[in-house]
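The following report concerns the nonpolar interior, the strand arrangement and the helix packing of one protein chain. The sequence and the coordinates are shown first.

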Amino acid sequence: MTDLIRKTAAELADLMASKQASSVEITQAHLDRITAVDGDVRAFLHVDTEGALAQAKAVDDKRAAGEQLAPLAGVPLALKDVLTQEGVPTTAGSKILEGWKPPYDATVVKRLKAAGIVILGKTNMDEFAMGSSTENSAYGTTHNPWDLTRIPGGSGGGSSAAISAYEAPLAIGTDTGGSIRQPGAFTGTVGVKPTYGGTSRYGLIALASSLDTPGPCARTTLDAALLHEAIAGYDPMDSTSINQPVPAVVEAARNGDVAGLRIGVVKELGGDGYQPGVEARFHEAVELLTKLGAEVVEVSCPHFQYALPAYYLILPSEASSNLAKFDAMRYGLRVGDDGENSAEKVTALSREAGFGAEVKRRIILGTHALSSGYYDAYYGQAQKVRTLIARDFANAYEQVDVLVSPATPTTAFAIGDRIDDPIAMYKNDLCTIPSNLAGNAAASFPCGLADEDGLPVGFHVMAPVLRDDLLYKVGGALESALAEQWGGVLMTKAPELEVTR
């Protein structure tokens, strides 16, 4: 088991192609790992043992019959519990959806199944993706495998923790303000937010429709690229889907040549408030890319400083609208339906019982921002700031090919440290939010461990719309260069989890 779970997705695919291992063997090894360590990590909300083994056997049967299979066929994956999977419990981390089994697959899930990727189960998350630590899940907090007393990031901490704990080689997350990239940085893994519209939102339980983006999580750049290629592409079921070819992300990950690439260090994303160990690893990575032939300059994006307040008006406004559908009338939790309470009373009681504190906070904030007399002053102004941020990106990309910054201002903090301070919690996404507001591509790649605490640091790369390949070019180059120093990817430095079961 130990040998198989520590292989990359690409290595596992090669083992299956050469008949050295079967998908059933690989899937069982990861299910055994989940049984052994997830009592401490708590990455999964639901493990679909029977379904995963059936999927794996189907892949093995097709391979034995000589069928042509996709590159990742038979490789296991952990799925964030915000994407619908037919017949499998899907909660979005909320009590209001406890026990709900969707009657259909999200487009991303359909594409995973079409590629023969084995879905192990659904991973924990902040309720309706509202949070930066996974502490807002109604089902308990996920723990960071590097230090079980610390958070794994959020909202997709379950997906990143699962791959960091070797419970799965691949995972799917969603990124609304950094929910793939920030957990990736905190867990020493790769997290990619594709261009908005590059991956389908159909079947994704919506938080903020103009921001939500499904994307890949993995332990290596190549694995992330292979998964990105499997799930991306135009979808007529999503009105915001881009009808353009998928960028050549796999080729870019394998190439990793940054000679002549123009890289801009964002002036505004650093300095006061940034942990010294984070900045040290970031600047070392920049220096390494310079030695590999990249041309590095400092770039100013003056409106990035307004991204956080703009985001926390736009997101709650869209969330308050999207979550109105959870009314206890059609599906989900229903409280007080005793034959005497009115429909309005049942809805109110159900939402009171089913939504957590952070969800209620954002619904209230968003409803106020959209209310008559305040719309222009709050939501309207925030959208104007969003335009200015997009212009900052456009101006920067006239000078450079990609922008870079630390992925997060700090390393992973202790569980409970910031849960009672929403503003401090929101600042975790300081570096990641601008790319969501502009809709461009962005990713976090491991770049070392901070001196203060020995925890992972993420290197954040931002690329123009539909130039997702540039993310993988930079990530591949950085990963290869650092692997020579470390003797492997950053995950080889992770402490071994104690097997408790």
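In this predicted model, Leu112 is in contact with Leu77, Leu79, Ile117, Ile119, Ile172, Leu227 and Ile231, leaving aside its neighbours within four places in sequence. Leu112 belongs to the largest nonpolar core, which holds 122 residues; together with Phe128, Leu403 and Phe459, Leu112 touches the most other members. The greatest contribution to this core comes from helix α11 (residues 307–322), with nine residues. Another core, of 21 residues, lies apart from it and includes Ala36, Val118, Ile180 and Leu497.

The strands form an open sheet of 11 members with mixed pairing, in the order β1-β3-β2-β4-β6-β5-β10-β11-β9-β7-β8. Its edges are β1 (44–47) and β8 (295–299), each of which pairs on one side only. On average, neighbouring strands are turned by 30° against each other, direction ignored. Three of the pairings are set out below.

| Strand pair | Bridges | Direction | Example of bridge partners |
|---|---|---|---|
| β4 (residues 170–175) and β6 | six | antiparallel | Leu170 and Ala218 |
| β5 (residues 190–193) and β6 | two | antiparallel | Val190 and Ala218 |
| β7 (residues 262–266) and β8 | five | parallel | Ile263 and Val296 |

Ala218 of β6 thus appears twice, as the bridge partner of Leu170 and opposite Val190. Is strand β6 enclosed by the rest of the structure, or is it open, and why? Six of the six residues of β6 (residues 213–218) are buried, so the strand is largely enclosed by the rest of the structure.

Helices also pack on the sheet. Helix α8 (residues 221–231) touches β2 (76–80), β4, β5, β6 and β10 (441–449), and its direction makes about 145° with that of β6. Helix α14 (residues 376–397) lies across β7, β8, β9 (402–406) and β11 (456–463), running at about 115° to β9.

A contact between two helices completes the description. Helix α10 (residues 276–291) and helix α17 (residues 468–486) pack at an angle of about 100°, and their axes are 10 Å apart. The two helices are therefore roughly perpendicular to each other. On the α10 side, the contact is made by Ala285, Leu288 and Leu289, which meet Val474, Ala477, Leu478, Ala481, Leu482 and Gln485 of α17. By type, the residues of this contact comprise eight nonpolar, one polar and no charged.

Definitions and conventions. Residues numbered from 1 in each chain as written. Predicted model: local features only at pLDDT ≥ 70, side-chain atom pairs only at ≥ 80, totals over all residues. Heavy atoms only, no water. Axes fitted to C-alpha atoms, helices over the stretch in contact; angles between N-to-C directions. Helix = DSSP H or I, 4+ residues; strand = E, 2+ residues; numbered from the N terminus. Parallel < 35°, antiparallel > 145°, perpendicular 65-115°, else oblique. Contact = heavy atoms within 4.5 Å. Nonpolar A, V, L, I, M, F, W, Y, C, P; charged D, E, K, R; others polar. Core = buried A, V, L, I, M, F, W, Y, C linked by side-chain atoms within 4.5 Å. Buried < 20%, exposed > 50% of the residue type's maximum accessible area, 1.4 Å probe, protein only. Pairing = 2+ DSSP bridges.
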